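Subject: Structure handover

Hi,

Here is the structure I said I would pass on to you. Have a look at it first, and then read my notes below.

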Amino acid sequence: MSSGGLRLVFVGPPGAGKGTQAKLICEKWGIPQISTGDMLRAAKKAGKLPADLVEKMAQGGLVPDEVVIALIDERTNAEDAKRGFLLDGFPRTVPQADALDTLLAGRGQKLDHVIALEVPGDLLFERAVLRRTDKLTGQIYHLKYKPPPAGADLEHRPDDQEDVVKTRISTYEAMTSELLPHYEKKGLLRRLNGVGTVEEVTARVLGALKTS
Ligand code: AP5
């Protein structure tokens, strides 16, 4: 572990279970979950995300590196992140990974582990398309694997429509062909099977963090 806490990255395609696992691991380790997707959706909800970026997300593309790097720079420097953090969905490109190294190095910090959750395409598709979020609580449900309570006011993410999920999976595949080897070369990457129950996957993640 580098000075002052545990710094983790979760990488994985849409629907791999990054957010689900990140929440559980962060509760267990007492570190903040920092999701660029959540931050961008919050900015959109507050009317603070420029229209071209709203459109980019709705189409399943990536927002520009400099936008997410600026968000991460500020958020990882906050008081609650001094004891470590888990980055969920960042970095997604090699320039983002390089920028992260630079900003951490400037604070005398470094990454401890990068966990890649691997799930086959047909299951990813089902997990993303049937995901629903409770508008009031933000709780994430799945119509098949984690049904919402009766009467919940649910939201279907615009980028969870079938055609957009396909684009997001392709975007991920194009981007990870460089990002995963980048972290493999640094000896930081652990590839884990993301198929199974939520509890089974959590046990794999905790096992990898113990043995890395
Ligand atoms: P983001 O919000 O990061 O989306 P994503 O990476 O596509 O990931 P998802 O949220 O779809 O899936 P997840 O892996 O978290 O799965 P979850 O745990 O919810 O990014 C959205 C957009 O923002 C991007 O497309 C891009 O435009 C932009 N963006 C974000 N970061 C960026 C960056 N760094 N650079 C540039 N652009 C960026 O699980 C999915 C469902 O499956 C849930 O319903 C859950 O209940 C269920 N589930 C989970 N695990 C299991 C299990 N083991 N068994 C059964 N069901 C399960």
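Let's start with helix H2, which covers residues 36-45. This is a predicted model, so please read everything below with that in mind. Which residues of H2 are buried? They are Thr 36, Gly 37 and Leu 40. If you look down the axis of H2, these buried residues fall within an arc of 105°, so they line one face of the helix. The general background is that an α-helix has 3.6 residues a turn, so residues three or four places apart point the same way.

What covers that buried face? The cover includes strand E2 (33-35), helix H3 (51-58), helix H4 (65-76) and strand E3 (84-88). Just after H2 you will find Gly 47, with a positive phi of about 75°.

Met 39 also sits in helix H2. Is Met 39 buried or partly exposed? Its relative accessibility is 22%, and because buried means under 20%, Met 39 counts as partly exposed. Leaving aside neighbours within four places in sequence, Met 39 is in contact with Ile 34, Leu 71 and Arg 75. To get a feel for distances in the model, try Met 39 and Asp 122: they are 83 residues apart along the chain, and their C-alpha atoms are separated by 27 Å.

Next, strand E3, which is one of the elements covering H2. E3 is mostly covered, with five of its five residues buried. Gly 84, Leu 86 and Asp 88 point one way from the strand, while Phe 85 and Leu 87 point the other way, and all are buried.

Which strands does E3 pair with? One is E1, which pairs with E3 in the parallel sense over five bridges. Within that pairing, Arg 7 has Phe 85 of E3 as its bridge partner. Another is E2, where the pairing with E3 is also parallel and has three bridges. Here Ser 35 has Asp 88 of E3 as its bridge partner.

If you follow the chain on from E3, you come to the loop between E3 and helix H5 (94-105), and Pro 91 lies in that loop. The peptide bond joining Phe 90 and Pro 91 is cis, with omega at about -5°.

Pro 91 turns up again when you look for empty space, since it is one of the residues that line the largest cavity. How many cavities of 30 Å³ or more are there? The count comes to one. The space in the largest cavity is about 40 Å³. Its lining is made up of Phe 10, Val 11, Gly 12, Lys 18, Gly 89, Pro 91, Arg 92, Tyr 172 and Met 175. Strand E1 (6-11) and helix H7 (162-185) are the elements that give two or more residues to this lining. By type, the lining residues divide into five nonpolar, two polar and two charged.

There are open spaces to look at too. The second largest pocket has a volume of about 160 Å³. It is lined by 13 residues, and the closest to its centre are Pro 13, Val 119, Leu 124, Tyr 172 and Glu 173. Tyr 172 is also among the residues that line the largest cavity. Strand E4 (113-118), helix H6 (121-129) and H7 each supply at least two residues of the pocket lining. Which element gives the largest share? That is H7, with five residues. The pocket lining divides into nine nonpolar, two polar and two charged residues.

Last stop: strand E5, residues 131-134. Arg 131 and Thr 133 point one way from E5, Arg 132 and Asp 134 point the other way, and all are buried. E5 runs antiparallel to strand E6 (residues 140-142), and three bridges join the two. In that pairing, Arg 132 stands opposite Tyr 141 of E6. The hairpin of E5 and E6 has five residues between the strands, and in it Gly 138 takes a positive phi near 80°.

E5 is also joined to strand E7 (residues 154-155), by two bridges, and this pair runs antiparallel. There, Asp 134 stands opposite Leu 154 of E7.

Happy browsing, and shout if anything is unclear.

Cheers

Note on methods. Residues numbered from 1 in each chain as written. Predicted model: local features only at pLDDT ≥ 70, side-chain atom pairs only at ≥ 80, totals over all residues. Heavy atoms only, no water. Buried < 20%, exposed > 50% of the residue type's maximum accessible area, 1.4 Å probe, protein only. Helix = DSSP H or I, 4+ residues; strand = E, 2+ residues; numbered from the N terminus. Arc of directions from axis to C-beta. Contact = heavy atoms within 4.5 Å. 1 Å grid on protein atoms, 1.4 Å probe; cavity = no way out; pocket = protein on both sides within 12 Å on 5 of 7 lines; lining within 4 Å. Points joined across faces, edges and corners; volume = space filled by probe spheres on them. Nonpolar A, V, L, I, M, F, W, Y, C, P; charged D, E, K, R; others polar. Pairing = 2+ DSSP bridges.
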